[in-house]
Structures are given as structure tokens and as C-alpha cells.
Amino acid sequence: MFWRIVWIVARKDLAIEARSRELINTTIFFALSCVVVFSVSFVGEGGDGRAIGDAAAGILWVAIAFSGTLALGRTFERERYGDTLRALLMAPGSRAAIYVGKLVGIVALLIATEIIVVPLIALLFQAKLFEHMLLTSALLVFGTVGFATVGTLFAAMLARARSRDVLLPILLYPVTIPVMIAGVRGTSALLAVEPQLDMARLWVMLLLAFDVVFVTLALWTFESLMTE
Amino acid sequence: MKIIYQSLFLLMNAALLAQPGQSEFKPVTEIPASEQLPSAPLVIAAYAFVWLAFLAYVWVIWRKLGKVEQDLNALSAQVMKKRP
Amino acid sequence: MRKAVVPLLAIAGLIFMTAPIIIVRAPYESTMGLVQKVFYFHMPPAMLMLVSAIFCGILSGVFLVKRRPVYDWMAYAAAELTVLYGAMAMVTGPLWARKAWGVWWVWDPRLTLSLLMWMVFVSYLLLRRYGGPGSEILAAGLALFGMATSPFVYLSVNIWRTIHPLTSVVPTLPVDFAFPLWYAFTGFLVLYIALMLLRMSVEQQRAMLDQLYLESEE
């Protein structure tokens with residue numbers, strides 16, 4: 001029953017998305033603009049125009065964080081606008097399943113964005129992101145799930161609050177700093193001249209631990225936190 | 001024998017000094033005059049900030065409390081009037 | 001509750017008035033000299049900030065389960081005090097560090113964790129202030145998540161070297177340093193309790209005001 005609800009909610013979101021493709025197009029383009037803007041800031045003068053230090057890793061994760069925040073905001077804005085959030089909450093069955101359904105939708109959206117943005121960053125910064133595909137994918141997937149876990153919960157919480165647009169990043173970023181740190185450090189470990197695979201593996205483990213803890217915490221508290 | 005003791009002593013000191021950060025405070029009563037002056041503004045600024053922060057907070061709460069009590073009194077007077 | 005505030009404030013005031021005398025008479029530290037004296041007004045707020053943060057997290061959890069307003073008032077007060085004491089620690093710390101380490105700030109685990117905790121509680125206050133009705137529940141959730149993330153923040157920053165004095169400093173403090181420290185600490189603690197009671201009474205009065213408004217509507 002739980003997984004049926006998850007599947008139904010996720011499929012609903014994906015169906016709406018497939019028809020209009022609004023969120024995916026705008027999120028991808030926003031991520032690309034982020035990358036371009038940051039590249040301008042972090043590429044040094046002269047020489048071959050390479051980015052400073054670990055900038056490529058940082059830019060990737062900042063772009064994910066920013067575009068993720070926007071996507072979260074607009075997913076729940078859509079629900080709020082159609083007043084479907086209340087309907088969802090009144091539906092029989094576990095509310096936690098609704099949360100997981102929305103989470104699946106958001107993660108899918110973000111992964112789709114990353115599929116476009118990561119090769120672009122590899123191109124722009126001559127970053128060899130494809131050399132260790134497994135580790136890179138693990139970092140991206142676990143990191144995205146970690147970010148989206150907290151993000152979906154907070155965005156759902158804030159859906160009916162005032163000043164929700166600006167409050168979401170204010171609340172979300174401090175709490176997801178470990179994801180950012182692990183993601184950036186892990187990615188830069190892989191991009192280093194001498195790739196540090198065991199460091200990267202350590203960061204992947206940390207991200208996995210974060211995901212497990214926070215998904216559990218979110219499932220426990222979703223019920224109490226969702227106000228009418 | 002003496003050489004062994006001396007080198008052991010030096011080694012221990014080297015190990016102690018090589019540690020990151022300190023592991024204890026060591027008290028001293030005299031300090032060279034050149035050390036004193038540049039620190040004073042920092043120390044004063046630190047203490048001043050703590051004092052000011054406390055005073056500001058207490059003032060803000062006191063005002064809030066005063067205002068709420070004012071509203072409370074006004075409203076309860078009103079309610080008293082309504083109830084004969 | 002209110003009755004205890006004035007005497008507590010008086011005690012705290014007394015301690016703070018006399019603390020500078022005691023601090024001046026404490027010996028200088030051998031490598032840091034005068035600037036180490038900041039320690040007496042840096043360590044108590046820093047420690048109390050972390051304690052207050054955990055306290056707020058626990059109160060928030062209890063509030064989410066029990067839903068009694070008094071827990072919410074305490075959590076709100078604890079969050080405000082976390083931000084206040086945190087600000088004190090974050091200002092006095094760099095002032096000390098500038099002289100002792102030569103830099104205003106380093107990204108080591110403890111400093112970063114303190115900064116992040118402080119930011120979580122600042123965002124708590126922003127949420128309570130601007131989030132509209134129902135924000136006390138949301139803020140309680142935020143406090144819980146903030147607490148849950150702190151071990152991860154500490155772990156993740158731990159890769160880099162720290163130059164913050166190791167935690168063995170306080171237990172090994174000679175008496176000459178220890179006395180002024182714990183004296184100042186008591187002052188900060190008494191003031192914490194007084195401020196919390198004061199702040200809670202504001203919320204309590206506000207709740208009574210709301211109740212009265214409802215009655216007067218009838």
C-alpha cells in the first residue's frame with residue numbers, strides 16, 4: 001500500500017512534467033546560467049583561462065543547490081495553486097508515502113538536470129568527470145538524494161507559510177551544508193591531478209549515512225510537521 | 001648515558017612542540033611590554049561587545065514586555081466593562 | 001516565574017561587575033599574553049550557545065509530540081539566546097584569533113559547526129517572525145533537523161586540520177585560570193536563566209492577550 005501511493009504520486013508528477021516539460025526545461029536552463037555566471041567569476045586572468053583551483057567541483061554543486069531550490073519551490077507552488085496539497089493530505093493512507101512520492105519526483109528532476117549539466121561542466125572546465133563513472137555517479141546520486149530529502153520536507157512544510165520563497169533557501173542551506181561539503185570535496189578529490197579514490201569513497205559513505213539518517217527523520221516527522 | 005638522556009629530553013620537547021595547537025595554558029606573571037599594546041583594543045572590543053549585546057537584548061525584551069502588558073491592561077479593562 | 005527574574009538579573013549583574021577585577025588579577029598566559037583574557041568572555045558564551053542549541057532541539061521535539069504552548073515558548077527563548085550567545089562567541093573569538101593565530105577565521109570543524117548552528121537558529125528566528133501562522137510547528141521541525149545535521153557538519157569538516165585549542169585545555173586549567181573562568185561562566189549561566197524566564201513571560205502574556213481578544217470578540 002505504501003509503495004503504491006509512492007508510485008501514484010510520483011507518476012502523477014512525472015506525467016504532468018512530461019506533458020508541459022516546464023520544470024525540466026527551466027531548471028536545466030537555470031543551472032546552465034548558474035554555471036556560466038560562476039565561471040565568469042572563477043576563471044583567472046591570462047593563461048589558458050582555466051578555473052581557479054577546485055572551482056569546477058564547487059560550481060557544479062552550487063548549480064545543483066540553486067536549481068534544486070527553485071525546482072522545489074515551484075513543485076509545491078504548483079500543488080498550492082491547484083489546492084491539491086490539501087486533497088493529497090486528506091487522502092487515505094500514510095502521509096509519509098506522499099512525501100516519498102514527491103521526493104522521487106524531485107530526485108528524478110534533479111538527476112535529469114545533472115545529466116545535462118555535468119557533461120557541460122566537464123567540457124567547460126576540462127574536468128575529467130567521466131573517468132571514474134561509478135564514484136562520480138554515486139556522489140551525485142547520494143548527494144542529490146540528501147539535498148532533496150531535506151528540501152522536499154521543508155518545501156512541503158512551507159507550502160502554506162508566508163514568505164515561503166525566501167524562507168526555503170534560508171532554512172535549507174545551513175541544514176544541507178554537509179551534503180555540499182561532501183559533494184564538493186568528493187568531486188574535487190576525483191578531479192585532482194592525482195585522483196584520490198579512497199577520499200572520494202569516504203565522502204560517498206558520508207553522503208550515504210546522511211541520506212539514511214535524514215530520510216528516516218523525515219519519514220518520522222512528516223506527519224507532525226504538515227499543518228493544515 | 002648523559003647523551004641518551006639529553007637526546008631523549010630533546011626528542012620529547014620536539015614531540016610536544018610539534019603538536020598542532022596547545023594542550024594547556026601556562027601561567028606567567030611578567031610579560032614583555034611589547035606584547036601588551038596591540039592586544040588591548042581587541043580585548044576591550046571583545047568585552048564591550050558582550051556587554052552591549054546583553055544590554056541591547058534586555059532592553060528589547062523589556063520594551064516588548066511593557067507593550068504587551070499595556071495592551072493586556074487596556075483589553076482587560078474593556079472586557080471588564082462589557083461584563084456587568 | 002516572573003518573580004525570579006529580578007533577583008537573577010541582580011546576581012548576574014553583580015557577577016559581571018566584579019568579573020573584570022578577578023580577570024585582571026588572573027595571570028597572563030605564557031604564549032598569548034594579554035589577548036588570552038578574552039577567553040573568559042569567549043568560552044562561556046560558546047559553550048552555552050551549544051548547550052542552548054541542544055536544549056532548543058530537545059524542547060522542539062517535546063513540543064511536536066506534546067503540543068503544549070509552554071514548550072514552544074521555551075524553545076523560542078532558547079533559540080533567541082542561542083543566537084545572542086552565539087553572536088558573542090563569534091565576535092569575541094575572531095578578536096582573540098586575530099592576535100593569537102594571525103587570522104580572523106579558519107574553517108576548522110568546531111568553528112564551522114558553531115557558525116552553522118548559529119545560522120540554523122537565525123533561520124529559526126526568521127521563520128518564526130516571517131512565516132505567518134503555523135510557523136511554531138515548522139520551526140520546531142527546523143530545530144530538530146538542525147540538531148540532526150550537526151554531527152555530520154562536524155564529521156565532514158574534520159578532514160581539515162584544526163588550530164582551535166584542543167579540548168584538553170579546560171580540564172587541565174591551573175587554578176589561577178580556572179577560577180576566573182568559572183566565575184564568568186556562572187555569570188553567563190545565571191543571566192541565561194534570567195533572560196529565558198523574562199522572554200518566556202513575554203510569550204505567556206502574548207498568549208493571554210490573544211485569549212482575551214477572543215473573549216472580547218464574543
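**Loop between α6 and α7, chain A**

I started with the loop between α6 and α7 of chain A, where Ser163(A) lies. The model is predicted, and I read every value below with that in mind. I looked up the phi of Ser163(A) and found a positive value of about 55°, although the residue is not a glycine. I noted the background: most residues other than glycine have a negative phi. Is Ser163(A) buried or exposed? Neither label fits, because 16 other C-beta atoms lie within 10 Å, and Ser163(A) is partly exposed.

**Arg21(A)**

I then went to Arg21(A), in the loop between α1 (2-20) and α2 (22-42) of chain A. Phi of Arg21(A) is near 55°, again positive in a residue other than glycine. I checked its surroundings next. Arg21(A) has 11 other C-beta atoms within 10 Å, so I logged Arg21(A) as exposed. The cut-off for exposed is 12 or fewer.

**Gly101(A)**

Next I looked at helix α5 (residues 95-124) of chain A, which holds Gly101(A). Gly101(A) has 24 C-beta neighbours inside 10 Å, so I put Gly101(A) down as buried. The cut-off for buried is 20 or more. Which residues does Gly101(A) contact, leaving aside its neighbours within four places in sequence? I listed Ile5(A), Val6(A), Ile8(A), Val9(A) and Ala10(A). I also took one long distance. Gly101(A) and Gln196(A) are 95 residues apart along the chain, and their C-alpha atoms are separated by 36 Å.

**α3 against α6 in chain A**

I turned to helix packing. Two packed helices are described by the angle between their axes and the distance between the axes. In chain A I took helix α3 (residues 55-81) and α6(A): their axes cross at roughly 35° and come within 10 Å. The crossing of α3(A) past α6(A) is right-handed. From α3(A), I wrote down the residues in the contact: Ile64(A), Ala65(A), Gly68(A), Thr69(A), Leu72(A), Gly73(A), Thr75(A) and Phe76(A). From α6(A), I wrote down Thr144(A), Phe147(A), Ala148(A), Gly151(A), Thr152(A), Ala155(A) and Ala156(A). I sorted this contact by class and got eight nonpolar, seven polar and no charged residues.

**Chain C as a whole**

I moved to chain C and looked up its elements. Chain C has six helices and one strand. Along the sequence they run α-β-α-α-α-α-α. The C-alpha trace of chain C spans about 70 × 45 × 25 Å along its principal axes. Of its 218 residues, 47% count as buried. I also checked how far apart in sequence the contacts reach. Among contacts in chain C with a separation of 6 or more, 80% join residues 24 or more positions apart.

**α2 of chain C**

I picked helix α2 (residues 39-66) of chain C and looked at its packing with helix α6 (residues 175-217) of chain C. The two pack at an angle of about 45°, with their axes 9 Å apart. I therefore entered α2(C) as oblique to α6(C). The crossing is right-handed. Which residues of α2(C) meet α6(C)? I found Tyr40(C), Phe41(C), Met43(C), Pro44(C), Pro45(C) and Leu48(C). On the α6(C) side I found Pro180(C), Leu181(C), Ala184(C), Phe185(C), Phe188(C), Leu189(C) and Tyr192(C). By class, this contact has 13 nonpolar, no polar and no charged residues.

I checked the length of α2(C) too. At 1.5 Å a residue, its 28 residues should span 40 Å, and its end C-alpha atoms are 40 Å apart, which agrees. After α2(C) comes Arg67(C), with a positive phi near 60°.

**Between chains**

I finished with the chain contacts. Chain A and chain B do not touch, and their nearest C-alpha atoms are 22 Å apart. Two pairs of chains are in contact, and chains B and C share the most contacts. For chains A and C, I looked up both sides: 24 residues of chain A are in contact with 26 residues of chain C. Which elements of chain A give two or more residues to the side that touches chain C? I noted α6 (133-158), α7 (164-175), α8 (177-191) and α9 (197-225). The largest share comes from α9(A), with eight residues. By class, this side of chain A divides into 19 nonpolar, four polar and one charged.

Conventions. Residues numbered from 1 in each chain as written. Chains lettered and ligands numbered in written order. Predicted model: local features only at pLDDT ≥ 70, side-chain atom pairs only at ≥ 80, totals over all residues. Axes fitted to C-alpha atoms, helices over the stretch in contact; angles between N-to-C directions. Helix = DSSP H or I, 4+ residues; strand = E, 2+ residues; numbered from the N terminus. Parallel < 35°, antiparallel > 145°, perpendicular 65-115°, else oblique. Left-handed = near helix turned anticlockwise from the far one by under 90°. Contact = placed C-beta atoms within 7 Å. Nonpolar A, V, L, I, M, F, W, Y, C, P; charged D, E, K, R; others polar. Expected span 1.5 Å × (residues − 1).
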